[in-house]
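Here is a friendly walk through one protein model, written for someone who likes to check geometry for themselves. Keep the viewer open and follow along.

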Amino acid sequence: MKKLLMLLLVFALSFSMLAGCTPAEEPAEEPAEEPAVEEPAEEPAEEPAEEPAEAGSIAKLGLGQVISTAKSKAKADDANAQAQADVTIAAVGFDADGKVASVTIDVAQTRVAFDENMAVTSDKDAEVPSKKDLAEDYGMIKASGIGKEWFEQMEAFEEWMIGKTVDEIKALPVKVVDDAHQNVPDAPELTSSVTITVESYIAAVEEAWNKSVDATGAETVGLGIETHINKSRDGSAEQGAQAQVDTYMTATAFDADGKVVATIIDNAQVRVAYEIDGALATDTSVEGKTKHELAEDYGMIRASGIGKEWYEQMEAFQEWMAGKDIEEIKGLQVKVVDDSHQNVPDVPELTSSVTITVEGYIAVVEEAYEMAR
């Protein structure tokens with residue numbers, strides 16, 4: 001009987017131990033399986049990778065500009081007169097959704113200095129470099145709180161624009177730093193890289209969008225700029241001095257083979273006139289206009305042998321360039337008409353539509369090709 005009781009007791013203890021082990025093992029397996037669920041980890045990882053692709057294909061081309069002579073100075077008792085033309089230019093490629101796919105912004109900041117007799121002292125024969133052309137020689141880094149030159153800051157600002165629409169760019173938070181810096185970026189991603197005031201750059205990009213043309217099939221967009229002051233004149237006893245700044249500009253889109261898909265060429269012919277005594281005769285508070293913007297008001301048709309305005313002739317020249325590469329464009333046959341028209345097209349398809357001299361326009365398209373991105 002005792003043996004039977006002992007066997008029953010051993011059996012009962014064994015059963016209770018087995019029963020007690022089962023719940024202790026089940027929870028240990030559950031957490032080991034939880035981390036293996038990968039769906040939540042994949043969701044955020046995919047979204048950033050899609051962003052750059054949205055602005056990767058160029059569908060439209062735009063050229064925008066802002067012209068100011070507000071910093072021009074009249075002759076004073078303690079200082080000579082100096083005209084200043086600031087021409088801000090943006091060449092922009094937009095994708096099918098209106099997002100920036102390529103952007104290059106530059107400024108032709110041109111000063112024409114006069115002596116006490118209102119004679120021009122600036123080198124009239126020299127081409128005037130843009131801010132990007134000047135690079136380190138522009139000299140902003142000496143006054144920069146972040147140790148960056150103008151071209152470096154602009155490159156950062158251009159990069160920030162990629163993948164954004166014009167409305168998103170216009171919505172950039174800005175702050176007032178001083179009278180000369182009324183619109184400095186106030187966004188975390190730009191505060192350490194851009195301390196210049198950006199209102200004119202944004203305005204140029206907006207105009208580029210508003211006036212954009214089809215550029216389907218383009219791979220790159222380039223900006224070309226060339227500035228001259230050779231038509232500026234001294235003052236005399238009979239007439240006041242006048243600074244004339246001619247800035248040729250283009251935004252040109254190229255395909256994978258380097259052929260022109262679309263091009264927009266313009267000319268900012270900026271004049272700052274002075275009275276005989278050196279006082280400003282030009283209203284420098286008014287924004288300037290390019291030849292395209294002036295349209296019929298430019299007034300070339302009165303002297304045109306073919307009855308076409310400047311903008312009409314330029315549209316014909318732009319159309320002629322489409323489908324051609326730079327070497328074909330540079331190889332255009334030209335003729336000398338007079339001292340002011342040394343390179344007039346001399347090919348059958350242009351003789352009835354283009355009588356302007358075209359060397360400056362070809363030069364900026366070539367630069368656009370070299371700088372395209």
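The sections below go from the whole chain to its sheets and then to its salt bridges.

## The chain as a whole

Please keep in mind that this is a predicted model. The protein chain has 373 residues, of which 42% count as buried. Its secondary structure comprises 10 helices and 11 strands.

Two further totals help to set the scene. If you take the contacts between residues at least 6 apart in sequence, 63% of them join residues at least 24 apart. The chain exposes about 20100 Å², and carbon and sulfur atoms supply 51% of that area.

## The four-stranded sheet

Let us begin with the open sheet whose four strands come in the order β3-β2-β1-β6, with antiparallel pairing. The edge positions belong to β3 (100–113) and β6 (213–218); each has a single partner strand, so one side of each is left without a neighbour in the sheet. From one strand to the next, the twist averages 25°.

The pairings can be followed across the sheet. β2 and β3 are joined in the antiparallel sense by 13 bridges, and here V92 stands opposite V103 in β3. Nine bridges connect β1 to β2, again running antiparallel, with V66 opposite T88 in β2. Between β1 (residues 58–68) and β6 there are three bridges, and these strands run antiparallel too; K60 stands opposite D214 in β6.

## Around strand β2

How many residues of β2 are buried? The count is 12 of the 13, so β2 is largely enclosed by the rest of the structure. As background for viewing the sheet, side chains in a regular strand alternate between the two faces.

A helix also belongs in this picture: α6 lies across β1, β2 (82–94) and β3, and runs at about 135° to β1. On the loop side, the hairpin of β2 and β3 has five residues between the strands, and G98 takes a positive phi near 80° there.

## The three-stranded sheet

A second place to look is the open sheet of three strands in the order β7-β8-β9, where the pairing is antiparallel. β7 (220–228) and β9 (260–273) stand at its edges with a single partner strand each, so each has one side without a neighbour in the sheet. The average twist from one strand to the next is 15°.

Strand β8 (residues 242–254) is joined to β9 by 13 bridges, with the two strands running antiparallel. If you would like a residue pair to click on, F254 has V260 in β9 as its bridge partner.

## A salt-bridge network at E158

The whole structure contains six salt bridges. Which residues are linked in a network of them? They are K132, E158 and R373.

In the pair of E158 and K132, the closest N and O atoms are 2.6 Å apart. E158 lies in helix α4 (residues 150–161) and K132 in helix α3 (residues 131–134), so the pair ties together parts that are 26 residues apart in sequence. R373 also forms a salt bridge with E158, with the closest N and O atoms 2.4 Å apart. This pair links distant parts of the chain, 215 residues apart: R373 is in the segment after α10 (359–371), and E158 is in helix α4.

Is E158 buried or exposed? With a relative accessible area of 2%, E158 is buried. K132 counts as partly exposed at 21% relative accessibility, just above the 20% limit under which a residue counts as buried. R373 is partly exposed as well, with a relative accessible area of 42%.

## A salt bridge between α5 and α6

Another salt bridge joins E206 to K170, with the closest N and O atoms 2.9 Å apart. E206 sits in helix α6 (residues 199–210) and K170 in helix α5 (residues 166–170), so distant parts of the chain, 36 residues apart, are linked.

Both partners are partly exposed, E206 having a relative accessible area of 25% and K170 one of 42%. Helix α6 thus appears twice in this report: with E206 in the salt bridge to K170, and lying across β1, β2 and β3.

Technical notes
Residues are numbered from 1 along each chain as its sequence is written. This is a predicted model: local features need pLDDT of at least 70, side-chain atom pairs count only at pLDDT 80 or more; totals for chains, interfaces and linings use all residues. Side-chain values use heavy atoms; hydrogens and water are left out. Two strands pair if DSSP finds at least two bridges between them. Axes are lines fitted to C-alpha atoms, for helices over the stretch in contact, and angles run from 0 to 180 degrees between N-to-C directions. Buried means under 20% relative accessible area, exposed over 50%, partly exposed in between (1.4 Å probe, protein chains only). Contact means heavy atoms within 4.5 Å. Accessible areas come from the Shrake-Rupley method with a 1.4 Å probe; for residues, only the protein chains shown count as cover. A salt bridge is a side-chain nitrogen of Lys or Arg within 4 Å of a carboxyl oxygen of Asp or Glu.
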